[in-house]
Each structure stands twice: as C-alpha cells, then as structure tokens.
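Visitor: Could you take me through this structure? I would like to begin with a single residue and then turn to the ligands.

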Amino acid sequence: MEFLKVEDLCKVYGRGENRVAALDHVSLSVEQGDFIAIVGSSGSGKSTLLHAIAGVDIPTSGRVLLNGQDVYAQSSEKLAVFRRRQVGLIYQFHNLIPTLDVVENITLPIRMDRRRVNRERLEELLELLGLQDRRNHLPNQLSGGQQQRVAIGRALMNAPAVVLADEPTGSLDSRNGQEIIRLLKESHRKYRQTLVIVTHDETIALQANRIITIADGTVVRDERQVPLG
Ligand SMILES: Nc1ncnc2c1ncn2[C@@H]1O[C@H](COP(=O)(O)OP(=O)(O)OP(=O)(O)O)[C@@H](O)[C@H]1O
Ligand SMILES: [Mg+2]
C-alpha cells in the first residue's frame with residue numbers, strides 16, 4: 001500500500017544571488033513498512049527533504065501526502081497534532097530541550113498532547129537505549145551519543161507510523177551506531193513502521209530495502225535491493 005507520497009516538491013531558500021533550490025521537483029512514493037536509506041553528498045538536500053516530509057518545514061511548492069492526508073493542507077494546530085502522533089523525526093543535530101531531563105524529553109510529545117505516559121513502554125525504551133541510570137540527567141550532563149539516544153527515544157515513544165532519522169549515527173562510534181540501527185529496525189518490524197534513514201554510512205544503507213540518492217535537490221537514483229542483515 002502506498003503510504004507516503006511526495007509530489008513535485010520544491011524548496012527554495014533565499015533570493016537573488018543567494019537563491020538555493022534545496023529541493024528541485026522531487027517526487028517519490030513509499031510503501032507502508034518500507035525501510036529506505038537516503039544518501040547523497042553534503043548540501044544535496046537530504047535534511048530538507050526529511051523535514052518537508054515530517055511537516056516541520058513548509059515546502060515552496062508541491063505536496064506531501066501521508067496516509068492519504070495532505071500534510072500541509074491542514075491547519076497549523078492539526079498539523080502539530082499530526083506530527084506528534086504520526087511522525088517520529090530524529091534531527092541531525094539533536095533537538096533536546098536543555099532544561100528538561102531524559103524522561104521529560106522523551107515523553108514531551110505525549111505530555112504536549114495531554115495524554116497518559118505509558119510507563120511500561122517508557123521503561124522498555126530506557127532499557128533499550130541504555131539510559132535507565134541517566135533518566136534524570138539534563139542534556140548537558142550526557143555524552144553526544146547519549147543525547148542522540150534520547151532524541152531517538154523521543155521519536156519512538158509514540159510508536160509513530162513513520163520514523164524519519166537524519167544521520168542518527170553521525171556522532172557515534174561504529175558499535176554504538178550499529179546498536180542504534182538495530183533498535184530502529186526492531187521498532188520498524190515490531191510496529192510495521194515506515195523507516196527512512198539519511199546516512200553517509202554504506203553499511204547502514206545496505207540494510208535498507210531501497211536506496212534513494214539525492215544530488216542537487218533531485219532524486220538521481222532510486223533502487224530496490226535485498227537488504228543485508
Ligand atoms: N535555512 C536555510 N537557508 C538557506 N539555505 C539553506 C537553509 N537550509 C539549507 N540550505 C541550503 O540548502 C541545501 C540543502 O541543505 P540540506 O541541509 O538539506 O543538505 P543535506 O543533504 O542534509 O547536507 P548534510 O549531508 O551536510 O547534512 C544546502 O545547499 C544548504 O546550504
Ligand atoms: Mg543534513
């Protein structure tokens with residue numbers, strides 16, 4: 001089933017000689033439960049694409065349809081609720097709230113929704129992420145990799161339909177990086193989540209069902225493959 005559709009998406013930053021077409025007529029469709037790797041050189045538009053799909057960065061033109069719903073056609077309140085419930089975005093540079101501790105950061109989207117925190121799921125996640133004994137630490141009391149894991153916990157806490165991860169292993173050594181990927185894959189299988197990972201790491205890209213290559217804001221290659229591992 002087609003779950004995510006990106007139609008003729010453009011994102012232009014700046015004007016005149018500062019004009020950058022970060023996304024230049026990108027179209028693609030993604031099936032539910034797919035695991036996609038997005039690769040491409042620095043500045044090619046990978047983060048911009050992820051943010052546009054996640055509903056956090058309004059495109060200049062084009063549409064994003066998630067589960068049949070036009071993401072940017074809804075009111076900003078509805079869009080915010082949609083984001084919190086349907087999408088787990090892991091930013092390239094962790095976007096933790098510095099004044100909130102680990103547990104508060106992870107449960108923030110749920111509390112903003114005024115919903116009850118599922119304690120069991122929280123404990124399960126803290127254990128998976130190896131953060132049980134850091135639960136009351138603030139972000140500046142954590143290592144870079146631990147902060148990255150908190151950001152992942154926040155994205156997975158809601159068991160969203162789609163998980164978008166922007167270089168989630170960028171600041172980790174290869175062992176911890178592979179552990180994070182294992183975690184994302186486990187969640188993807190368990191909850192039939194659609195998983196999109198931006199990565200520069202070929203060993204991660206080879207574990208996906210499909211690799212999309214972006215260059216200068218356009219899709220230059222889109223290949224299905226038998227995933228490794
Ligand atoms: N807020 C902004 N204002 C102006 N230009 C921007 C802005 N954000 C991104 N860009 C430009 O858009 C292009 C795409 O940026 P993007 O962050 O999507 O690249 P990327 O593929 O994620 O790169 P990296 O691998 O380095 O993270 C770049 O050329 C960048 O300079
Ligand atoms: Mg980026």
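Guide: Let us begin in strand β7, residues 162-166, which contains Leu164. Please keep in mind that this is a predicted model.

Visitor: Is Leu164 buried or exposed?

Guide: Leu164 has a relative accessible area of 0%. Buried means under 20%, so Leu164 is buried.

Visitor: How far is Leu164 from His51 in space?

Guide: The separation is 8.7 Å between C-alpha atoms, although Leu164 and His51 are 113 residues apart along the chain.

Visitor: On to the ligands. Which residues come nearest to ligand 1?

Guide: Ser42, Gly43, Lys46, Ser47 and Thr48 come nearest, out of 14 residues around ligand 1.

Visitor: What is the make-up of that shell by class?

Guide: Nine residues of the shell around ligand 1 are polar, three are nonpolar and two are charged.

Visitor: And which element gives the largest share of the shell?

Guide: Helix α1 does, with three residues. Both α1 (46-54) and β2 (20-31) supply at least two residues of the shell around ligand 1.

Visitor: Which polar backbone atoms lie by the oxygen atoms of ligand 1?

Guide: Gly43 has a polar backbone atom 2.8 Å from an oxygen atom of ligand 1. For Gly45, a polar backbone atom lies 3.0 Å from an oxygen atom of the ligand. Among side chains, Gln92 places a polar atom 3.0 Å from an oxygen atom of ligand 1.

Visitor: How much of ligand 1 does the protein cover?

Guide: The protein covers 61% of the accessible area of ligand 1, which is 640 Å² for the ligand on its own.

Visitor: Now the magnesium ion. What are its protein donors?

Guide: The magnesium ion is ligand 2, and its protein donors are OG of Ser47 and OE1 of Gln92, at 2.0 to 2.3 Å. These two residues link distant parts of the chain, being 45 residues apart. Ser47 belongs to helix α1, whereas Gln92 is in the loop between β6 (87-90) and α3 (102-106).

Visitor: Why does Gln92 count as partly exposed?

Guide: The relative accessibility of Gln92 is 24%. Partly exposed covers the range between under 20% and over 50%, so Gln92 falls in that class.

Visitor: What about Gly88, where does it lie?

Guide: Gly88 lies in strand β6. With a relative accessible area of 2%, Gly88 is buried. From Gly88 to Glu127 the C-alpha distance is 19 Å, with their positions 39 residues apart in sequence.

Visitor: A different topic: where is Gln193, and what does its side chain contact?

Guide: Gln193 is found in the loop between α7 (174-190) and β8 (194-198). Its side chain makes a polar contact of 2.7 Å with the side chain of Ser187. Gln193 is buried, at 1% relative accessible area.

Visitor: Finally, the protein chain as a whole. How many helices and strands does it have?

Guide: The protein chain has eight helices and 10 strands. Buried residues account for 50% of its 229 residues.

Visitor: And what are its overall dimensions?

Guide: Along the principal axes, the C-alpha atoms fill a box of roughly 50 × 40 × 40 Å. The radius of gyration of the protein chain is 17 Å, which agrees with the value near 17 Å for a compact globule of 229 residues.

Note on methods: Residues numbered from 1 in each chain as written. Chains lettered and ligands numbered in written order. Predicted model: local features only at pLDDT ≥ 70, side-chain atom pairs only at ≥ 80, totals over all residues. Heavy atoms only, no water. Near = heavy atom within 4 Å. Polar contact = N/O pair within 3.5 Å; in protein donor to acceptor, adjacent residues only side chain to side chain. Areas by Shrake-Rupley, 256 points an atom, 1.4 Å probe, with all protein chains shown as cover. Helix = DSSP H or I, 4+ residues; strand = E, 2+ residues; numbered from the N terminus. Nonpolar A, V, L, I, M, F, W, Y, C, P; charged D, E, K, R; others polar. Donors = N, O, S within 2.8 Å, 3.2 Å for Na, K, Ca; no water. Buried < 20%, exposed > 50% of the residue type's maximum accessible area, 1.4 Å probe, protein only. Rg over C-alpha atoms; globule rule 2.2 N^0.38 Å.
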